[in-house]
Structures are given as structure tokens and as C-alpha cells.
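Thanks for coming, everyone. I have one protein to show you today. Let's put it on the screen.

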Amino acid sequence: MEHFDAIIIGAGFAGLYQLHILRDRLGLKVKVLEKADGVGGTWYWNRYPGARCDTESKAYSYYFSKDLYEAWDWSERYPTQPEIERYLNFVCDKLNLRKDIQFKSEVSDLIYSEKNNIWSIQLKNGNKVSAKYVIAAVGCLSFTNKPEIPNEKIFNGEIYHTGNWPQKNPTFQNKRVGIIGTGSTGIQVIPEVAKIAKKLTVFQRTPNYSVPAKNHKLTKSDQLNANKEFEKLEQLMLHHRGGHPWTHSNISAKDTNEIKRNELYERAWENGGLSFRDTFSDLSINNESNETASNFIKEKIKNIVNDSKTANLLTNFDHPFGSKRPPIDTNYYETFNRKNVNLIDIRENPIISFTKNGIQTSNDEYELDALILATGFDALTGTLLNMKIKGRKNITLNEYWKAGPLTNLGLSIPNFPNLFLITGPGSPAVLTNMPRAIEQHAEWISDCIKFMIINENDTIEATQLSAETWIESVYEAVKGNFFLSAKHSWYLGGNIPEKPKVFIPYAGGLDKYRQICDAVSKSDYNGFVFTKSLNN
Ligand code: FAD
Ligand code: NA7
């Protein structure tokens with residue numbers, strides 16, 4: 001069995017950077033194990049029509065090297081899936097990473113041996129390797145949520161999940177297509193499929209508040225500006241709670257007079273994108289303020305959508321603006337003015353089962369040639385728990401996290417020594433522009449391993465007390481935030497029936513979180529214990 005200093009699981013944004021710094025800065029013997037047959041992670045699997053990043057390209061890039069940043073030019077304000085996949089392949093080749101990545105290698109089991117402080121890593125194909133350190137860079141949105149709809153086997157049509165899209169793009173020309181899901185993904189895929197399908201039926205459980213993306217091609221001068229502004233953008237992202245390149249508003253919506261408030265909303269709407277939610281400082285914590293944003297968006301939707309019944313369904317919100325991941329779109333609401341698009345309310349009339357020819361809801365049958373599930377992911381914990389992970393004293397991660405994930409800083413789990421998580425539960429992860437959170441984690445992990453090498457430590461492990469204290473901080477950070485009030489929210493495990501209903505990511509801000517992590521490393525890792533074997 002081949003032995004490595006470190007095994008990294010996953011070859012997305014996180015795994016690639018972690019490989020680079022452990023191998024090229026620390027000189028370790030490292031291997032990346034990746035289930036797919038290519039790099040990209042999210043941007044390998046999510047190749048549905050319209051797949052695109054909602055973070056602007058100038059911010060959705062690695063920032064650890066200015067040279068690398070300048071060597072790549074993005075073509076649009078928001079990069080498409082194929083362009084991000086190309087970018088990650090470019091990074092992979094530029095840093096000569098590919099030779100240390102083993103594709104088609106899905107990890108099924110991770111077993112820790114207390115006798116020799118080594119992880120044994122079992123692959124689904126039967127192969128095994130071992131390592132001192134394991135870094136799970138498995139992604140927080142990579143385990144698809146496929147709702148169980150009875151009688152799937154009798155359905156004669158095709159079924160696709162957006163998060164596991166076939167390499168060979170299916171064709172929807174002249175087909176009757178159904179889409180379940182109106183989250184960020186549904187909102188991207190619906191306008192694209194509507195353009196090609198004979199008929200599109202959208203099954204909506206919960207309407208979403210979407211803001212126009214205002215995407216556009218980037219000119220040569222936009223690209224040069226992004227390079228010139230590298231340091232400025234870096235600083236902005238460093239100080240923004242979500243790692244985005246803009247500043248926070250310090251104005252309360254409820255304390256701003258209506259004319260001024262609408263002027264600011266209009267400006268933000270025209271500018272487009274995720275920064276709309278930062279128009280005012282109190283949209284996520286004050287009812288009155290939140291309602292101003294909610295009403296503004298409702299009005300916009302009603303002005304765009306011609307049919308009043310459809311417009312009512314699209315604005316029949318049951319959660320405050322921003323309490324779920326706010327989507328951005330290109331022609332989403334406009335799509336419902338097309339003659340070939342039909343919106344069905346499955347909150348009122350739930351889906352009961354598949355039929356031979358389509359989908360049966362409580363009040364009607366819809367004939368379909370293809371069904372697209374844009375139903376999201378078992379977020380933050382799903383991919384980790386999909387592996388059988390056994391730590392000290394044969395404790396399994398599934399048992400240990402029965403009541404909800406317990407980590408110190410989302411980076412490390414008591415009883416699972418030398419196992420690090422990138423953007424794990426309890427870290428800011430999905431509440432951020434993720435490349436910023438990923439770089440911060442990978443660097444913290446690399447610094448920690450360097451510290452261990454210098455101090456000749458064998459193991460590092462979060463203490464039970466530090467993890468319990470940290471999870472209290474995670475709950476504390478979200479108190480009073482509307483995040484807690486959205487039904488079915490995947491931030492709360494609400495989209496997966498059997499999942500514990502706890503708020504999973506750290507909502508205190510990436511800026512503050514970074515300071516906490518830095519203080520921990522400066523204190524020689526307060527909250528962690530190290531061991532040394534007798535041989536040292
Ligand atoms: P991933 O990219 O998910 O990579 C994880 C890799 O681990 C995958 O390749 C997977 O195959 C592999 N893996 C998992 N389990 C195993 C196993 N057992 N064995 C071997 N390999 C395994 N973030 C933003 O910041 N802005 C956005 O606008 C944005 N849009 C998104 C849109 C979509 C449709 C999705 C799904 C996510 C989006 N995200 C966005 C989040 C996105 O996941 C992150 O930005 C980033 O790509 C995560 O990188 P990662 O390397 O951590 O994980
Ligand atoms: P989301 O945000 O989880 O959205 C999933 C959608 O699917 C949402 O509208 C759900 O309705 C719907 N859904 C999920 N399960 C069901 C069932 N069982 N029945 C009916 N409808 C269902 O996933 P996305 O992929 O859009 O976005 C996830 C992240 O990935 C996001 O950050 C993007 O950037 C990429 P609900 O709201 O739960 O009622």
C-alpha cells in the first residue's frame with residue numbers, strides 16, 4: 001500500500017490549491033484522489049444549460065498569486081461553467097498539478113489507526129493508500145439532493161439532476177420538459193431550457209427573490225482594469241464579511257426616507273448582482289427594513305410578468321428576503337411571459353408520484369418527455385458523511401454527528417486526528433465568495449502542518465471542549481438573523497428530511513472568522529492537542 005504524507009480528497013478549487021501549497025511550499029509527498037475524470041469539482045459536475053457563477057469573475061479567481069491572476073482573462077462579468085472549468089484546468093497545468101491527481105478514484109472509507117497514527121484510505125474500486133494527514137476538500141455543495149418521488153421506474157421519460165449533468169449534453173428540442181426547483185440553479189436553467197423545449201412546466205414549491213445579474217461581455221479595458229485593481233479588490237474582499245469586493249452599507253433601510261430608499265434600491269437593481277443584498281445594513285435583521293426590500297422586488301416581478309396569476313405565484317413568499325441564498329438571474333421572470341412556459345404551484349398541490357407519461361400532483365397530471373431536478377444538495381455535511389469515516393476507538397463520523405456537526409472552526413473534528421476539512425460545517429463556507437474562504441482554510445491547514453513538522457508532532461486533534469464552545473459561537477453568530485426563519489433552507493438542513501435541523505455555517509463573517517483562526521494559530525493552537533510518539 002503506497003504511503004503519502006498527505007492525501008487530499010477532491011480536485012476542485014480547494015483540492016488544487018491545497019495540493020499546490022503542501023507539495024510546492026512544504027515539499028510533502030501528496031496525492032489528490034478525485035471521483036471525477038477531470039478537475040473542477042462543482043464546475044465539472046454542474047454542466048446544465050445556463051450554469052454560471054453568481055460571483056463576479058474578477059472575484060471568483062485565486063488570489064494567492066498576482067502572476068496567476070494576470071495570466072488569465074475572463075470573458076464575461078459572471079463566468080460560465082465551461083469557462084471556470086477551463087480556468088481550473090489552466091491553473092492545474094500552470095502549476096503542474098495534474099501528475100499528482102488520481103482521477104476516477106472515489107474514496108469510500110477513511111479509517112484511522114491509533115496504533116501507528118495513520119489513515120487508511122479505501123477507494124471504491126478496491127485500491128488502498130495510507131497517509132499521515134487527510135484533507136477533505138470534498139465540497140459543501142457536491143452531494144446532490146434527489147427527492148424520492150414514488151414510481152420513478154414506470155416513468156418513460158429521461159431524468160436529470162443539475163448537479164450531476166451528463167458529459168454529453170442532452171437535447172430538449174421538441175420535448176415537453178419539467179423542472180422541479182426554483183433555487184439559484186433552477187433560476188439559471190429555466191430561461192435556457194425554455195428557449196429550446198417545446199413546452200416547459202416549472203414545478204415551484206417556494207418562490208425566490210431574484211435580482212438581475214446584468215451580465216455582460218468584458219472588454220480588453222475591463223480585463224486590464226481588473227488586473228490594475230488586484231490589490232484594491234483583494235483588500236475589499238479581505239474586509240467584507242462575505243469575501244466580496246465591495247463595502248458594507250451603514251445605512252438602515254427603515255431609517256431612510258422612501259424616496260431615497262427607492263433610489264438606492266433602483267441603483268442596486270440596475271447595477272445587478274449579489275451586492276443588492278448589501279444596499280442597506282439591516283436587511284437581514286430587521287423586519288421593517290426587510291419588508292422594504294421584499295416589497296421592492298415584488299413590485300419589479302409584478303411589472304415584468306404579464307399574467308397576474310403567475311405573478312402572484314412568483315411573489316407568494318413565505319420567507320424574508322435574503323433568508324435563503326439569494327439568486328441572481330438573466331431573464332428569469334421574463335421567461336414566464338413565453339407561451340411555452342407554465343408555472344405550477346406544488347406547495348398548494350404537491351407532487352404525488354411519477355406516472356408512465358409524466359408527473360402526478362394532487363390535482364393534475366403533467367405529461368413530460370424529460371424531467372430536470374434542480375433540487376439542490378445535501379449541503380455541507382452530505383459529502384463527508386457519504387464516506388465511512390472511522391476515528392479513534394472506532395467512532396464513526398455518522399454517530400459522532402448524529403445531533404448535528406461538531407467541529408472546531410469547521411476545520412477539525414474531535415476524535416478524528418490529522419483530518420482537516422476545507423469549508424467544513426461551522427465555517428463561513430457557503431455564506432461567502434468561496435474561493436476566499438477556501439484559500440484561507442488551505443493556508444491555515446498548511447501552516448498548521450508546517451508547525452507540526454517543526455515541532456515533530458505526530459497528531460493534532462481538536463478538543464471536545466473547543467468544538468462544543470465553537471458550535472455555541474456558531475449558534476450565537478446567527479441569533480436574530482432571518483437565516484433561521486426560512487422553511488426548507490439548506491443552511492438549516494431543512495431540505496433533507498432526516499437531517500438534524502441546526503444552522504450549519506458560521507454567520508459571523510469571513511473577516512472576523514479569519515481573525516479568530518489567526519489568533520488560534522498564533523496561540524500555538526489553543527483548543528487543539530498535539531501528540532508526539534516515543535520515537536521522536
Ligand atoms: P467542489 O468544487 O465541490 O469539489 C469537490 C470535489 O471533491 C469534487 O470534484 C468531487 O467529485 C470530489 N469528491 C467528493 N467526494 C469524493 C470522494 N468520496 N472521493 C473522491 N472525490 C470526491 N460559490 C461561490 O462563491 N459563488 C458562486 O456564485 C457559486 N455558485 C455555485 C453554483 C453552483 C451550481 C454550485 C453547485 C456551487 C456554487 N458555488 C458558488 C459553490 C462552489 O461549490 C464553490 O465556489 C467551489 O467551487 C467549491 O470548491 P471545492 O473545491 O471546495 O468543492
Ligand atoms: P436549492 O437552493 O436547495 O434549491 C432547490 C430547489 O428545489 C428549491 O426551489 C426547493 O424548494 C426545490 N426542492 C428541493 N426539494 C424538493 C422537493 N422534495 N419537492 C419539491 N421541490 C423541492 O439548490 P440550488 O441548486 O438551486 O442552489 C444551491 C446552491 O448551489 C446555491 O448556492 C447555488 O449557488 C448553487 P424549497 O425552496 O426547498 O421549497
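A word on terms before we start: two strands count as paired if DSSP finds at least two bridges between them. Keep in mind that this is a predicted model.

With that in hand, take strand 8, residues 176-180, and strand 9, residues 199-204. They run parallel, and 5 bridges join them. At R176, the residue standing opposite in strand 9 is K199.

Now zoom out to the sheet. It is an open sheet of 5 strands, paired in parallel, and the order reads 7-16-8-9-12. Which strands sit at the edges? Strand 7, at 158-161, and strand 12, at 341-345; each of them pairs on one side only. On average, neighbouring strands in this sheet are turned by 20° against each other, ignoring direction.

Next, the whole protein. The secondary structure comes to 16 helices and 20 strands. Along the principal axes, the C-alpha trace spans about 75 × 55 × 45 Å. Is that in line with a globule? For 536 residues, a compact globule would have a radius of gyration near 24 Å; this protein has 23 Å, so the two agree. Of the 536 residues, 58% count as buried.

Last, the cavities. How many cavities of 30 Å³ or more does the structure hold? There are 4. The largest has a volume of about 70 Å³. Its lining includes A136, V138, G139 and C140, and, further along the sequence, L380, T383 and L384. L421, I422, T423 and G424 line this largest cavity too. By type, the lining divides into 7 nonpolar residues, 4 polar and no charged.

Notes
Residues numbered from 1 in each chain as written. Chains lettered and ligands numbered in written order. Predicted model: local features only at pLDDT ≥ 70, side-chain atom pairs only at ≥ 80, totals over all residues. Heavy atoms only, no water. 1 Å grid on protein atoms, 1.4 Å probe; cavity = no way out; pocket = protein on both sides within 12 Å on 5 of 7 lines; lining within 4 Å. Points joined across faces, edges and corners; volume = space filled by probe spheres on them. Nonpolar A, V, L, I, M, F, W, Y, C, P; charged D, E, K, R; others polar. Helix = DSSP H or I, 4+ residues; strand = E, 2+ residues; numbered from the N terminus. Axes fitted to C-alpha atoms, helices over the stretch in contact; angles between N-to-C directions. Rg over C-alpha atoms; globule rule 2.2 N^0.38 Å. Buried < 20%, exposed > 50% of the residue type's maximum accessible area, 1.4 Å probe, protein only.
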